[in-house]
There are 2 protein chains.
Amino acid sequence: MAAFPQSLTYPNFGFDILARDQNSFARLGKISTPHGTIETPNFIFVGTKATVKNLHPAQMREAGADMILSNTYHLYIQPGPDLVQKMGGLHKFMGWDGPMLTDSGGFQIFSLGTGSGADEIKGKGKSGNKSLIRIDEQDGAIFKSYKDGSICRLNPEISMDVQRKLGADFVVQMDECTPQSADRDYTEKSMQMSHRWGDRSLTAFEQTHDGTQAVYGVVQGGVYRDLREESADYTASRPFFGTAVGGCLGGTKVHFYEILSWLPKRLHPERPVHLLGIGKIEDIFEGVKSGMDTFDCVTPTREARHGRALMKGARGGFINLLNSRFKDDPNPLDETLGLASSALYSRAYIHHLLKAGEMLVFQILSQHNVAVISRLMREIRATLKNGGDLNQLQKEWLSE
Amino acid sequence: MAAFPQSLTYPNFGFDILARDQNSFARLGKISTPHGTIETPNFIFVGTKATVKNLHPAQMREAGADMILSNTYHLYIQPGPDLVQKMGGLHKFMGWDGPMLTDSGGFQIFSLGTGSGADEIKGKGKSGNKSLIRIDEQDGAIFKSYKDGSICRLNPEISMDVQRKLGADFVVQMDECTPQSADRDYTEKSMQMSHRWGDRSLTAFEQTHDGTQAVYGVVQGGVYRDLREESADYTASRPFFGTAVGGCLGGTKVHFYEILSWLPKRLHPERPVHLLGIGKIEDIFEGVKSGMDTFDCVTPTREARHGRALMKGARGGFINLLNSRFKDDPNPLDETLGLASSALYSRAYIHHLLKAGEMLVFQILSQHNVAVISRLMREIRATLKNGGDLNQLQKEWLSE
């Protein structure tokens with residue numbers, strides 16, 4: 001086994017657990033960073049290419065967002081980490097002064113690159129795009145840039161270097177994200193490689209560690225309980241600041257929630273836990289109850305681009321504004337959100353903008369959806385603060 | 001000749017000339033409407049389908065915009081005037097509480113519909129899309145809806161009815177907009193038909209006139225001085241609130257400015273004059289000097305969608321952010337505009353967003369461009385207020 005730092009200190013960071021739920025592993029906490037403190041459970045909104053699609057940072061703030069995630073893979077390809085560093089880092093580059101996280105880039109390479117598909121990891125079948133050329137434990141992943149076809153490489157050392165240059169508060173160790181189609185043997189070997197990559201990530205992180213960033217380890221192990229537990233133990237044994245849960249979380253909701261249930265007792269109890277790429281309302285509730293502190297997903301802005309407005313209590317958690325029943329609906333989306341996007345415009349107007357292909361609508365719906373998810377997280381925190389019933393809140397949000 | 005109202009009163013509207021330029025026909029004025037008073041010269045930003053592309057009304061205000069125009073033709077096709085009326089009219093529908101104008105719909109039908117092309121009217125050659133089936137003086141224009149292929153009709157009575165339902169402060173008489181390819185004979189006959197349509201528009205307008213709207217007549221006559229003068233005399237002889245100048249304004253800048261020079265002495269001297277569809281910076285200066293009070297054009301938002309930022313003093317009046325020289329330019333677009341879109345982001349970031357196809361960039365550039373044109377109009381008004389030199393200001397704006 002390669003060497004790894006026995007300990008790392010994160011003087012500018014902190015995680016405090018302020019309250020615990022009586023009936024689940026849910027916990028109220030706060031995470032401190034050089035860019036401010038956020039309360040947890042919380043949602044990290046995805047700004048893939050250094051922008052949350054269609055929204056200014058000020059619009060994110062107005063909608064109640066606390067934290068943003070950007071994708072190392074995409075920024076590595078374009079505009080490149082050196083350019084972002086030269087422009088003062090990701091916060092300054094995109095104009096967001098709150099906490100940020102970058103992922104390791106592994107998820108995109110393995111899920112987009114092998115044709116295994118990001119969707120499959122969440123249980124939705126296969127996609128066909130292949131840009132991954134080769135995976136090699138030492139060299140890492142060799143892949144083709146979708147920008148210009150040039151050959152790129154990402155391994156633990158490169159990922160940590162890229163993430164250092166991007167300059168988010170939180171960075172994530174390099175890992176391989178295994179798809180659902182991976183069998184036990186592949187999943188186990190891949191997990192063990194991810195652990196070795198975790199050690200290399202920590203070593204690389206330590207070399208330039210200056211207190212401005214903190215690093216998360218990643219729990220892999222697919223759908224296999226003993227592997228998940230082994231991976232949880234691995235991350236707990238290393239001086240990561242936080243724990244991220246990644247990889248395939250099962251093909252069904254039931255399976256997903258079962259996998260989550262294995263984790264709370266094995267994860268490092270004093271570290272913040274981030275559930276990677278999960279953001280549906282029902283999944284957030286189950287995640288919170290399993291001790292997850294933060295979530296990220298493209299759902300709020302992607303749903304907006306499909307004409308959908310997230311809505312507390314609506315069947316499925318959203319309404320589809322393309323539906324002709326909204327054609328002459330004079331009601332706004334939700335006046336109680338305190339947001340012009342949700343209060344100024346009638347559903348009829350939003351329906352019209354969608355039909356007319358007018359881009360303002362994606363701004364309206366994206367901001368509304370960010371505000372709805374931000375409110376969801378606020379209400380979850382308030383319930384934990386007041387010793388309330390999370391299951392009751394879950395019922396209010398999901399009418400089914 | 002058909003009957004027409006001998007007089008119309010506009011108790012809720014006003015136009016006052018506050019100062020005049022010593023060296024041109026330029027004038028400082030103010031236009032009062034039920035939705036507020038604006039100073040002139042001013043720019044009416046185009047919100048074609050009841051939205052200025054990519055911008056919230058609040059973002060328009062923040063950028064200094066005073067007035068918005070929407071297109072009768074597009075709203076007639078979708079979502080339809082009855083729906084807009086049911087939703088409380090255009091102001092409420094789109095959330096803009098300032099003055100608004102709708103055009104007659106004629107421009108789109110004739111320019112988009114015959115394949116003569118909107119561009120050709122401004123001297124840029126032909127386009128090929130044909131949706132116009134037939135023009136008939138009595139029935140009006142029969143055309144095919146681009147939405148569903150259904151057969152639509154627009155004549156003076158329908159146009160005024162549609163514009164009444166849309167409910168903008170200012171409406172425009174139905175006219176035929178002749179292209180550059182029209183010869184003198186066609187232009188003359190068309191102009192005479194437009195005059196008769198003007199009378200029918202006034203008659204239709206009077207029937208439901210309730211003081212909430214005011215109507216503009218349109219000067220046609222193409223590139224022929226005697227026809228332009230005859231058309232100016234026609235509009236001055238009718239009880240229109242304002243005068244709009246439409247139709248082909250010549251194939252070259254020199255020709256355009258010559259046509260403008262014929263008008264100041266023949267237009268009704270106490271009415272506001274709107275120059276339809278013109279919005280380039282140099283053309284605005286020439287228009288102002290010819291006594292034009294308001295302008296409209298899609299330029300600010302369309303240029304944004306091509307990656308261009310309007311800029312005082314830049315060659316051609318803009319910079320193209322797609323240009324690789326901006327790749328690592330840390331400067332914002334223009335910090336002096338007092339706008340996050342123009343001050344928060346580096347040109348390098350905007351270049352990145354354009355390269356990445358990220359939609360936020362169209363919001364940033366659109367708002368910036370609206371702010372630049374709004375500043376241009378403010379500076380023109382300040383120059384007129386202070387008895388300054390418009391030609392000097394024009395030199396500052398256009399470096400060539």
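In this predicted model, a hairpin joins β2(A) to β3(A), with two residues forming the connection. Strand β2 of chain A covers residues 27-33, and β3 of chain A covers residues 36-40. The two strands run antiparallel and are joined by five bridges. Within this pairing, A:G29 of β2(A) stands opposite A:T40 in β3(A).

A second hairpin is formed by β1(A) and β2(A), here with six residues between the strands. Strand β1 of chain A, residues 14-20, is antiparallel to β2(A) and is linked to it by six bridges. Two of the facing positions can be named: A:G14 stands opposite A:S32 in β2(A), and A:R20 has A:R27 as its bridge partner in β2(A). The two pairings are set out below.

| Strand pair (chain A) | Bridges | Direction |
|---|---|---|
| β1 (residues 14-20) and β2 | six bridges | antiparallel |
| β2 and β3 (residues 36-40) | five bridges | antiparallel |

Together the three strands make an open sheet of chain A in the order β1-β2-β3, with antiparallel pairing. Because β1 and β3 of chain A stand at the edges and have a single partner strand each, one side of each remains without a neighbour in the sheet. Neighbouring strands of this sheet are turned against each other by 15° on average, direction ignored. Strand β2 of chain A is largely enclosed by the rest of the structure, because five of its seven residues are buried. Helix α15(A) lies across β1, β2 and β3 of chain A and runs at about 120° to β2(A).

The domain assignment of chain A gives domain 1 as residues 17-297 and domain 2 as residues 305-385. The C-alpha centres of these two domains of chain A lie 28 Å apart. Between them, 21 residues of domain 1 of chain A are in contact with 17 residues of domain 2 of chain A. On the domain 1 side, β4 (42-46), α1 (57-62) and α11 (281-289) of chain A each supply at least two of the touching residues. This side of domain 1 of chain A divides into 13 nonpolar, four polar and four charged residues.

The contact between the chains involves 33 residues of chain A and 33 residues of chain B. On the side of chain A that touches chain B, at least two residues each come from α3 (81-86), α4 (90-94), α14 (347-356) and α15 (360-385) of chain A. The largest share of that side, six residues, is supplied by α14(A). By residue type, the side of chain A that touches chain B comprises 19 nonpolar, eight polar and six charged residues. Helix α15(A) is thus named both among the contributors to this side and as the helix across the three-stranded sheet of chain A.

The largest nonpolar core has 216 residues. Those with the most contacts inside this core are A:F45, A:I68 and B:F45. Leaving aside residues up to four places away in sequence, A:I68 touches A:I44, A:F45, A:G47, A:V52, A:M60, A:W96, A:G98 and A:M100.

Technical notes. Residues numbered from 1 in each chain as written. Chains lettered and ligands numbered in written order. Predicted model: local features only at pLDDT ≥ 70, side-chain atom pairs only at ≥ 80, totals over all residues. Contact = placed C-beta atoms within 7 Å. Helix = DSSP H or I, 4+ residues; strand = E, 2+ residues; numbered from the N terminus. Nonpolar A, V, L, I, M, F, W, Y, C, P; charged D, E, K, R; others polar. Buried ≥ 20, exposed ≤ 12 C-beta atoms within 10 Å, placed from the backbone. Pairing = 2+ DSSP bridges. Axes fitted to C-alpha atoms, helices over the stretch in contact; angles between N-to-C directions. Core = buried A, V, L, I, M, F, W, Y, C linked by C-beta atoms within 7 Å. Domains from an automatic or database assignment.
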